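Q: Please take one part of this model, the pairing of its strands, and go through it closely, following the connections from there to the surrounding residues. I would like a single connected account rather than a list.

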Amino acid sequence: MTDQEIRWERTAWMREARFGMFIHWGLYAIPARGEWVRSTEKITVEEYQKYFDEFDPVYYDPKKWAKLAKQAGMKYAVLTTKHHDGFCLFDSAYTDYKATNTKAGRDLVKEYVEAFRAEGIKIGFYYSLLDWHHPDYPHYGDRQHPMRDNPEYGNENRNFDNYVTYLHNQVRELLTHYGKIDILWFDFSYNALYGEAWRGTELVEMIRSLQPDIILNDRLSGDAAINDALQEDILPMYAGDFQSPEQIVPPAGVTNGKGDPVTWEACMTLNDHWGYAVFDHNYKSAKTVIRMLVDCVSKGGNLLLNVGPNAKGEIPPASKKILEEIGVWMHENGESIYGCGNAGLPKPAWGYYTRKDDVLYAHVYDIFTSSLVVEGMANAVEYARMQADGAELSMSRPWNSAKYPNELFIDLHDVQLPDPIDTVIR
Ligand code: JFZ
C-alpha cells in the first residue's frame, strides 16, 4: 500500500462519522473575548495569571456536553487539551500551569474522555504547538506571540529544543494516560516552524508506537512539503491523515496533488469565535449548519463544529439550542450523512446530492414545480421515499414529460417540502 492508501484506510471511520464537536475551552473563557485574547491585547503572563487564580468551572460536567453532542448526531469530539496560552486542562508532570493547580483541582481531560466514551463518541485531543507561556517558546519577533514587540521579553536564554522536548513529553502523557485516543489535532505550523522543527518524524514515530490507529491532522507540517511529496507517493510521517480547512468548505472538496480525493474535515465556529466570547451573538442558524454539513458531505468531507463553553464550564444556551435543533433533523435524516459522500453527479439546481453505495439522497432546498426533476435518472431508480418518515413518493411521469426521456420525475404535488431546512428524498 502507498502512504496515501494507508492514510485513507486509517481514516475510514472518520469518513463514516462525518460530524464532530470541536470544544475550545480554557482560561480565556474568563475574559470571554476569544481564545487569542492574550495575543491580541498583548497581555503579559503576569497579568494573565489572574485568570489562572480565578479559574473555577463549578458547572463543568462533560457528561452534559457528551449528551448534547450525541443528541446533535455528532460521532466524535476534539477538546483543546492545551491552547496557545499554554494552559493545560490535563494533569501534566511537566508543568504547574494546569487545571489540577487551579480551583478546579482535578484533571479535566480525564472527565471529558470518560464522559464522551460512555456515550460512544470517539475521542479527539487538540494540542497547540504554539505555547505563549513556556519560557523557551519564541517571544520577541514572533508575530504569533503576545510579547512579540516587547524587547523586555527577548529570547536571549531561549532554548527552543527544550520546548520541543516539553511538547513531546506532553503528547506522550496524553497518549498514555487516557486509553485509546482516536484523533490528535495539532495546531499549527507557520514560518519556519513546521515538520522537523517540531522533530516531527520522531514525534509521529512515538505517537504511532503508543496509539497505532490514531488519526492525525495535517498541521504539524507545511503545505508545500506535502504537495511535493504527494508527487512521489511518499509522505513525511508528519504529513497527517486528513486535511483541516478552517472556516471554509472548499468549493471542489479536497484532492491531493494527483487529483485523488483525500480525507478532510472543515472546522467551523458556531458564532465568530472559537473560545467563549460574551459579546458575540452572531450565531449561525441550525439551517445554516445543516446545509454546511450537507455541503461538506456532498464533497466527501466532514464538519467539525465548534462550541466554546463559558468560564463556569457550560456550553452557552444559544449554542445548545442550535445543536438540539440540528439533532431533530439528524434523527430524521442522518442516514443521508453518515458514511455518505460525493454522488458523482452534477449539483442539481434544487439542492444537493449525497450518496452511499447505490443509495442516492436528494437534499431538496427549493423546487419551483410540482415534480422534482432528477437529471439522467429516468430508468435508474427503483423507488423514492421520504427519508424522514419513509413515505413512498410517486415516480409517475407528468403529462408534459415526453421531451425529457432521461429525466426522472418525483411527484411532490401533494407533499410540498415538509422540511424548510432540507427535505431529504432517498
Ligand atoms: C487556529 C487557532 O489559532 C485558533 O485559535 C483555533 O484554535 C483554530 C481552530 O485554529 O487558527 C488558525 C490556524 C492557522 C491559521 C489561521 C488560524 N493560519 O495559518 O492562517
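A: In this predicted model, strand β7 (residues 302-307) pairs with β6 in the parallel sense, and four bridges link the two. Within that pairing, C267 has L304 of β7 as its bridge partner. C267 also belongs to the residues around the ligand, together with E35, W36, D187, F188, Y190, E246 and W274, so that one residue name connects the strand pairing with the ligand shell. Sorted by character, that shell comprises five nonpolar residues and three charged ones, with no polar residue.

The pairing of β6 and β7 can then be placed in its wider setting, an open sheet of seven strands whose order is β5-β4-β3-β2-β1-β7-β6, with parallel pairing. β6 (265-268) is one of the edge strands of this sheet and β5 (215-216) is the other, each of them pairing on one side only. Going further into the order, β2 and β3 are joined in the parallel sense over six bridges, and there A77 finds its bridge partner in I123 of β3. Of the seven residues of strand β3 (residues 122-128), six are buried, and the strand is therefore largely enclosed by the rest of the structure.

A77 leads from the sheet to the largest nonpolar core, which has 109 residues and in which I23, A77, V78, L184 and L293 have the most contacts. The largest share of this core is contributed by helix α10 (residues 286-298), with six residues. I23 gives a detailed view of the packing, since leaving aside residues up to four places away in sequence, I23 touches W65, A77, V78, L79, T80, V307 and P309.

One of those neighbours, W65, carries the account to helix α5 (residues 62-71), where W65 is buried along with P62, A66 and A69. Viewed down the axis of α5, the buried residues lie within an arc of 95°, which means that they line one face of the helix. In general, an α-helix has 3.6 residues a turn, so residues three or four places apart point the same way. The cover over the buried residues of α5 includes the strands β1 (19-23) and β2 (76-82) as well as helix α6 (108-118). After α5 comes G73, with a positive phi near 90°.

At the β5 end of the order, the loop between α8 (200-210) and β5 contains P212. P212 has 8 other C-beta atoms within 10 Å and is exposed, where a residue counts as exposed if that number is 12 or fewer. Although P212 and R10 are 202 residues apart along the chain, their C-alpha atoms are separated by 9.6 Å.

There is also antiparallel pairing to consider. Strand β8 (residues 351-356) and strand β9 (residues 359-364) pair in the antiparallel sense over six bridges, and Y352 has H363 of β9 as its bridge partner. Two residues lie between the strands of this hairpin, in which D357 adopts a positive phi near 50°. β9 is joined in turn to strand β12 (residues 423-425) by three bridges, again running antiparallel, with T423 of β12 as the bridge partner of V364.

Conventions. Residues are numbered from 1 along each chain as its sequence is written. This is a predicted model: local features need pLDDT of at least 70, side-chain atom pairs count only at pLDDT 80 or more; totals for chains, interfaces and linings use all residues. A nonpolar core is a set of buried Ala, Val, Leu, Ile, Met, Phe, Trp, Tyr and Cys residues joined through C-beta atoms within 7 Å. A residue is buried if 20 or more other C-beta atoms lie within 10 Å of its own, exposed if 12 or fewer, and partly exposed in between; C-beta atoms are placed from the backbone. Two residues are in contact if their C-beta atoms, placed from the backbone, lie within 7 Å. A residue is near a molecule or strand if its C-beta atom, placed from the backbone, lies within 6 Å of it. Ala, Val, Leu, Ile, Met, Phe, Trp, Tyr, Cys and Pro count as nonpolar, Asp, Glu, Lys and Arg as charged, and the others, Gly among them, as polar. The arc is that of the directions from the helix axis to the C-beta atoms. Two strands pair if DSSP finds at least two bridges between them.
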